[in-house]
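Reader: Hello! I would love a close look at one part of this protein, with the charged side chains as my way in. Could you walk me through it?

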Amino acid sequence: MRTQLLVMDVDSTFINEEVIDLIADHAGVGDEVAAITERAMAGELDFAASLAERVGLLAGLPVSVLDEVREEITLTTGARELVAAVSAGGGRVALVSGGFTEVIAPLATEVGITDVFANSFEIDRGRLTGRTRGRVIDPGAKAAIFAELVSAYECDPAATVAVGDGANDIGMIRAAGLGVAFCAKPALAEAADAVVVDRDLREVLSLL
């Protein structure tokens with residue numbers, strides 16, 4: 001069946017890195033934030049609370065750091081090919097992330113993705129305030145956005161695919177016609193229809 005909608009997580013899925021961990025390294029709190037991220041992705045912590053805690057540690061960081069972080073990010077092997085193949089077949093591709101729009105949106109534009117849903121930093125006088133603004137993209141929001149996209153593009157649910165790696169992706173993975181756990185934490189792997197263990201998104205393409 002032709003894929004009508006592909007929705008992907010970003011951190012450690014569409015890209016190789018965890019964006020907030022890279023930003024935290026610039027703030028000198030890398031180890032502390034990485035430990036919280038790991039527990040959140042394993043489903044051991046409430047995502048929204050852990051996000052607020054991690055972002056709070058970034059207060060005062062100059063916004064110019066986000067440009068530096070973008071330069072450090074690498075697309076996962078096969079990301080371009082997967083997006084191109086689904087798009088060429090007439091399908092839609094979206095990114096739904098607990099990461100940050102300021103970093104993710106330019107990457108999405110680079111590969112031709114226009115539907116991007118992520119958190120946004122609150123910025124005041126050129127510095128991060130330690131808070132986010134707008135809708136928090138937590139596990140519930142990811143599942144809701146997936147459903148909104150299916151409805152907006154009038155997709156056959158059976159022709160939809162979701163790809164992610166963490167516990168916060170479980171809702172959208174279960175909602176998809178094909179839910180793929182990509183180099184995933186055990187909690188997500190158990191909920192998925194398929195599991196990819198190699199860091200190559202062309203492996204997902206082979207499942208479509």
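Reader: Let me start with one residue: does Asp169 count as buried or exposed, and at what relative accessibility?

Author: Happy to help, and please keep in mind that this is a predicted model. Asp169 counts as buried, because its relative accessibility is 0% and the cut-off for buried is under 20%. Its salt-bridge partner is Lys142, with 2.5 Å between the closest N and O atoms. This pair links distant parts of the chain, since Lys142 sits in helix α8 while Asp169 lies in the loop between β5 (160–164) and α9 (170–175), 27 residues apart. Lys142 also has 0% relative accessibility, so this residue counts as buried too.

Lys142 has another partner as well. A salt bridge joins Lys142 to Asp9, the closest N and O atoms being 2.9 Å apart. Asp9 belongs to the loop between β1 (5–8) and α1, and Lys142 to helix α8 (residues 139–152), so the pair ties together parts that are 133 residues apart in sequence. Asp9, like Lys142, is buried. Through shared partners, the salt bridges connect Asp9, Lys142 and Asp169 into one network.

For contrast, take another pair. Arg125 and Asp124 form a salt bridge at 3.4 Å, N to O. Here Arg125 is exposed, with a relative accessible area of 77%, and Asp124 is partly exposed at 40%. In the whole structure, a search finds nine salt bridges.

Methods:
Residues are numbered from 1 along each chain as its sequence is written. This is a predicted model: local features need pLDDT of at least 70, side-chain atom pairs count only at pLDDT 80 or more; totals for chains, interfaces and linings use all residues. Side-chain values use heavy atoms; hydrogens and water are left out. A salt bridge is a side-chain nitrogen of Lys or Arg within 4 Å of a carboxyl oxygen of Asp or Glu. Helices (H or I, at least four residues) and strands (E, at least two) are DSSP runs, numbered from the N terminus. Buried means under 20% relative accessible area, exposed over 50%, partly exposed in between (1.4 Å probe, protein chains only).
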